[in-house]
Amino acid sequence: MQIENSVAVITGAGSGIGRALAAAFAVAGARVIATDLDAESAEHTAEKIRATGGKALGVQADACSTADIEALTTTEFGPVDIYVANAGIIGAPGLGTDEDWDSILDVNLRSHVRTAQVLVPQWLSRGGGYFVSVASAAGLLSQIGAAGYAVTKHAAVGFAEWLAITYGDDGVGVSCVCPLGVDTPLLDAVRTSADPDSAAGAASIVQSGEVISPQDVAAATVAAVQSDSFLVLPHPQVLDMYRHKGSDYGRWIAGMRRYQRSLRAGR
C-alpha cells in the first residue's frame, strides 16, 4: 500500500496507540484524520502532527456510528484510502452483564463491521483500499479475567481474516495488529483496578512480555501496511505462544488454568 499522499483515518486517536499511529502515518506521508469521542483530544493529536509539518484533521467521531463513519469519507482530504480501527475498550471483568456485552461488542467488533459496510464498496469501485484492525494478542491467545475482551478480540481477528480472504483479490488490503502489553491508559486502568479478575488479567499482560511503547506498535503497523502483511506482532514471542496453543489445545488450557491459579494466589 502506498501511504504517501493517501488519506488515513485513525480511530481512538486521542491518546495511546491511536495517537502514535496517527503520528506514524503522517510521518509516512499520509493525510491523517484523527478521530476520537473526545473532540479536544482528537484536535490535540492533529495539532501535534501539523506542528511537525504533517497534514491532519482532528474530528470528533464515534467509531461505532455508521453516520460518523460515513461523514469521515466526505472531509476536505477526500476519499479514505486507509482506515485504522484502533478504538477499543477493555470492558467489564469476569462474565459481565448483558449491557456490558452490548457495549464491548459494539466498540471492539461491530465498529469494524460497520466500517467495512461503508468503505469496502467504495474501495471495490475505486480499485483498492486498506483496513487495519488493531486487535490484541488476546485475539490469538485469550485474556485472563475478562471474557468480553477475550471474545471480542478473537472476533476482531476473525473478521479481519474474513475480509482478507474475501476481498484480497479485489485490491483490499488487511492487517491485524496483535500486541501484548502496551503502555497506554487502557493498561493503566486495568493495573489500578481493585477487582481481583482485573488484577489477575493485568498481571498476566505484564508478565507475558515487555510492556512496549505505543510508538513501537505504530512503527510495526506502518511497516505492515507498506508490505501488505496480515499479522502484525509487535511482540514476536506471541507467534510461539500461538503455535504452542494450536499444537495441543488441551495442554494449553490446562497450563492457562495453572497460570490463573498462580495469579489469583498472588504468585
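Helices and strands here are DSSP runs, numbered from the N terminus. On that numbering, Q143 sits in the loop that joins β5 to α5. The model is a predicted one, and this loop residue is a handy place to start looking around it.

Is Q143 buried or exposed? Its relative accessible area comes out at 11%, and since buried means under 20%, Q143 counts as buried. Setting aside neighbours within four places in sequence, Q143 is in contact with A138, Y149, A150, G201, S204 and I205.

Q143 also turns up in the lining of the second largest pocket, where it is among the residues nearest the centre, together with S142, I144, G145 and Q260. This pocket holds about 320 Å³ of space and has 16 lining residues. Two elements, α5 and α10, each give two or more residues to that lining. The largest share belongs to α10, with six residues. Sorted by class, the lining has eight nonpolar residues, five polar ones and three charged ones.

Then there is the largest pocket, with about 1000 Å³ of space. It is lined by 46 residues, and those closest to its centre are A135, S136, Y149, K153 and L186. Quite a few elements chip in: α1 (16-27), β2 (31-36), α5 (147-167), α6 (185-191), α7 (196-208), α9 (237-247) and α10 (249-264) each provide at least two lining residues. The class split of this lining is 27 nonpolar, 16 polar and three charged. Y149, one of the residues closest to the centre of the largest pocket, is also one of the contacts of Q143.

Turning to the helices, α4 covers residues 98-126, 29 residues in all. From first C-alpha to last, α4 reaches 40 Å, close to the 42 Å expected at 1.5 Å a residue. Even so, α4 has a kink of about 50 degrees, centred on R110. Which residues of α4 are buried? They are I104, V107, N108, L109, S111, H112, T115, A116, V118, L119, V120 and W123. These buried residues pack against α3 (66-71), β4 (82-85), β5 (129-134), α5 and β6 (172-177). Among those partners, β5 and α5 are the two elements on either side of the loop that carries Q143. Just after α4 comes G127, with a positive phi near 95 degrees.

Notes. Residues are numbered from 1 along each chain as its sequence is written. This is a predicted model: local features need pLDDT of at least 70, side-chain atom pairs count only at pLDDT 80 or more; totals for chains, interfaces and linings use all residues. Side-chain values use heavy atoms; hydrogens and water are left out. On a 1 Å grid over the protein atoms alone, a cavity is a set of points where a 1.4 Å probe fits but cannot get out, and a pocket is an open set with protein on both sides within 12 Å along at least five of seven lines; lining residues have an atom within 4 Å of a point. Grid points are joined across faces, edges and corners, and a volume is the space filled by probe spheres set on the points. Helices (H or I, at least four residues) and strands (E, at least two) are DSSP runs, numbered from the N terminus. Ala, Val, Leu, Ile, Met, Phe, Trp, Tyr, Cys and Pro count as nonpolar, Asp, Glu, Lys and Arg as charged, and the others, Gly among them, as polar. The expected span of a helix is 1.5 Å times one less than its number of residues. The bend at a residue is the angle between axes fitted to the seven residues ending there and the seven starting there. Buried means under 20% relative accessible area, exposed over 50%, partly exposed in between (1.4 Å probe, protein chains only). Contact means heavy atoms within 4.5 Å.
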